[in-house]
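Work through the three exercises below with the structure open. Try each task before reading its solution.

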Amino acid sequence: MSDKLLDIRNLTIRFRGKRTVHAINDVSLSMEQGETLALLGESGSGKSVTLKALLGLLPPKRTDIEGSMHVNGTDVLSLSGKALQRYRGGEVSMVFQEPALALDPVYTVGHQIAEAVMRHKGVSKSDAMSVAHDMLERVRIPSARRRLSNYPHELSGGMRQRVMIALALACRPKLLLADEPTTALDATVQIQILLLLRELQKDFGMGVIFVTHDIGVAVEISERVAVMYAGQIVEEGTTREIIRDGRHPYTRGLLAANLHDVARGERLNAIPGAPPALETRPENCSFAPRCPLVEPACRAGLPPMRTPAPRRRVACVRAETPIAAE
Amino acid sequence: MSATDVETYEPLPDTGGPAQPLLMVRNLRKYFPVRGGILGRTQAMVQAVDGVSFEVKKGETLGIVGESGCGKSTTAKLLIGLTPKDEGEIIFDGIDLGEGLSLKQLRKGVQMVFQDSYATLNPRMTIEASVAFGARVQGLDDPEGRARRLMERVGLDPNRFAHRYPHELSGGQRQRVNIARALAMSPRLVVLDEAVSALDKSVEAQVLNLLSDLRREFGLTYIFISHDLNVVRYISDRILVMYLGEVVEVAPVDSIWAEQAHPYTRSLFSAMPAMDPDHRTKEPPLSGDPPNPINPPSGCRFHTRCRFASEVCKTTPPRLAGLARNAQHLVACHLHDAASGHPKAGQEVAA
Amino acid sequence: MTLVETTAVEPAPAQKPQGYWAGVGARLVRDPLTMICAGVVLALILAAVFAPWLGLADPYKGSMIARLKPIGTTGHLLGTDEQGRDMFARLIYGGRLTLFIGLMPVVLAFFIGSALGIVAGFVGGLTNTIIMRTVDVFFAFPSVLLAIAISGALGAGIVNSLVSLTIVFIPPITRVAEAVTSGVRALDYIDAARATGASALTVIRVHVIGNVLSPIFVYATSLTSVCMILAAGLSFLGIGVRPPEPEWGLMLNTLRSAIYINPWLSALPGMMIFVTSLCLNLLSDGLRSAMNVRD
């Protein structure tokens, strides 16, 4: 177990408040060292909550967490104080969707990266600055030396996201969490950042969890994909398996909704309805109300987790029968 | 029930006949001043839309694509007069805005659906009141009845939703409300500015289906603005590509899908994720971010990022003109103009 | 047939549709502190309004022999003042003037300031510059000083106090109204409303006012306590209400000399001012959170 990069077991997260939200329901997930996994899902599917839980960022007073999370053998849920600080940014770090909000506007980018390096590695200021310089070059920022003394607002969106990546990788984390880091970017910039991340992942040998709602982005970045729906993982497999042989009706619906090769003007096979409100713990298949292939068994209880191949799983009663393309 | 809708749908009468484009835009220009300093003086101009011309035929859907800062949203707001234009003509069904056509009349003929479904609805107004507002302003009879019929048509049961407030609805439901509100004015042209971009993929498909149905049923013409090429291809008849406030290419969908004549368009298309795990994108088609529209590059605005740029591109802005083999396919690039003086002009350029 | 597919089967929220003000009311009722403060303020207002019918002693009739009687004296529950007038009656009657001069200027300033601010914020441009720069001139002076200056120039008296305090409170309300309105003006739903061809006046009436009034209102309620203290202050300084009218600020002044003889008695009007302004402030805070639509 300890040689696994990530081992999440039966994670259940509930937010208490005026109304209870069952954000994550019995999620198990594991990753080997150096893997890239895309967490694919729509808003409210629980993908961002999973990332926040992994960084220990959920407000403890309003959150009930059950289950276990281990990163490189470290029990994340038991961390607190200094140990949690060391873990965040050292072992695991995160790239956010909006670099403009995640970077501190009053410090230069060089200062921010150097600060993080000094905190985690305990090196001198000048050494930390040279690490910062090196990082900016690795994320392909032109004239990196000069950019060190720039403030975030002086950089364009794509450059800011590169700085964010440099900051996240400065302390050589084993696991990088990326929360829709390219969603706010233009298409031609998005592909640059995706390729950059792919290259850095290989160079640094780190694991990456990449949260996205865009199947195309998941294909570009990751080897493996886990599809989330209503706080559960409904399907997991290699990217190839998911794209070529998606078994869960929701996965197939998402693939169709991407419109990649839909004929123009042809009627879309839209998934009807909207995701459930998650006010109660699911007792049957959460997708059943929207599923075109629903059968009585789906409403009777939670769907079985089928494993058609090693490290491949589908939470659907019909997973055994590959669904013929319409 | 759709029969009753068609009866109460009373668009402006067709004045120009079928051959007259529903909307013609000529040389549209909008610069925004950037103020600064102690006295708030204008320090620079954002050239948001600069000399944009195009036309939209009756019943077609024109897709507009481009990256942030390319001026596509400003164009949309200019079309409906939400932002006053600096220069240029807007001709709706053969009648000039400002001459034969008042802004209020134009707004009866052209409606808009915005991206942010929550921000475009007054949080203090019920859904029914929001949908009926426009019809009441335009003095159409029975605004509430109209609102309820349209709510039903866009898939929202009026008995359940009429008295709800925007924050009680999901994003997809709110966008349906926005569509109903636009249709309550019985427009002939609907400008959809990133109208499905903020929706989840599965909900997006529902709304796209709805838009197709409504277009057929009410004989609508759409201008569909989006950054998602797949969506634009699905819904549009023709695609217009903008870069830094200018039109760089306009062509029928199939034509542009087969061949992107402008190097920028080609880059934009290659930047789409591959969707094939065995053939992932290897090389980013462009490096760097789009330049700032405050001080756009001289000549062809794309020359700073273009692989084929030569001297002429830095000095002379290219004109939008039809391709030699397909006059419907317009492009603004010296490569396709044999007389431009570009060393590679007229040659086939490998993608 | 297409309808079946496109009809949203999205689950709608289960709660019953409810008006905005009904929601505000429901939230207020669930907030005990705000309800207590509202009760205190309401009781004070009612007592002040119905003072003549409460069977109180005559607040103007003094007695040379019964001066400065301590709290708890029989016949004078809260004692008597420096001229032997019944304190309890004077405090209740005093509420009439104090609350009137304390609240009325804010009410007037709320209407005038909102109108100015909404116009400035919505129209923008030169109109905005003219209105807002004029308002800025008033901001150059501290509000207390301004009130004293205007009152001093106009002379003492209730009407003059009202006028001067109203003038003092117009600028801050205008400024808040302008800020809120220009914020709302930039929102998409205003654009969407303009896109229907509605006139500026219709857009303001239907879409702007409803959305800016409650934040301005909440801000104005927070000014009432300041206004009451200012009004009392003016009277205290002798440029507000003139004796022998009962008014808390004036009473505080006239009882000042008795502070060594009967400190509790002379503190009574101050206590009234303190309690009322505290309640008004808390009430305003409660309103603010109750009016927040998305919580």
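**Exercise 1.** The model is a predicted one. Find the bridge partner of R306(A) in strand 12 of chain A, then work outwards to the sheet.

Solution.
- Step 1. R306(A) is bridged to V314(A).
- Step 2. Strand 11 and strand 12 (residues 312-315) of chain A pair in the antiparallel sense, over 3 bridges.
- Step 3. In chain A, 8 strands make up an open sheet with mixed pairing, and their order is 6-7-8-3-9-10-12-11.
- Step 4. Strand 6 (92-95) and strand 11 (305-309) of chain A have a single partner strand each, so one side of each is left without a neighbour in the sheet.
- Step 5. On average, neighbouring strands of this sheet are turned by 20° against each other, direction ignored.

**Exercise 2.** Describe the side of chain B that touches chain A.

Solution.
- Step 1. Contacts link 35 residues of chain B with 36 residues of chain A.
- Step 2. On chain B, helix 8 (201-218), helix 9 (229-235) and helix 11 (263-270) each supply at least two residues of this side.
- Step 3. Helix 8 of chain B gives the most, with 8 residues.
- Step 4. Sorted by class, this side of chain B holds 17 nonpolar, 11 polar and 7 charged residues.

**Exercise 3.** Decide how compact chain B is for its length.

Solution.
- Step 1. Chain B contains 12 helices and 12 strands.
- Step 2. The globule rule gives 20 Å for 351 residues, and the radius of gyration of chain B is close to this at 21 Å, so chain B is as compact as a globular protein of that length.
- Step 3. Of its 351 residues, 54% count as buried.

Note on methods
Residues numbered from 1 in each chain as written. Chains lettered and ligands numbered in written order. Predicted model: local features only at pLDDT ≥ 70, side-chain atom pairs only at ≥ 80, totals over all residues. Pairing = 2+ DSSP bridges. Helix = DSSP H or I, 4+ residues; strand = E, 2+ residues; numbered from the N terminus. Axes fitted to C-alpha atoms, helices over the stretch in contact; angles between N-to-C directions. Contact = placed C-beta atoms within 7 Å. Nonpolar A, V, L, I, M, F, W, Y, C, P; charged D, E, K, R; others polar. Rg over C-alpha atoms; globule rule 2.2 N^0.38 Å. Buried ≥ 20, exposed ≤ 12 C-beta atoms within 10 Å, placed from the backbone.
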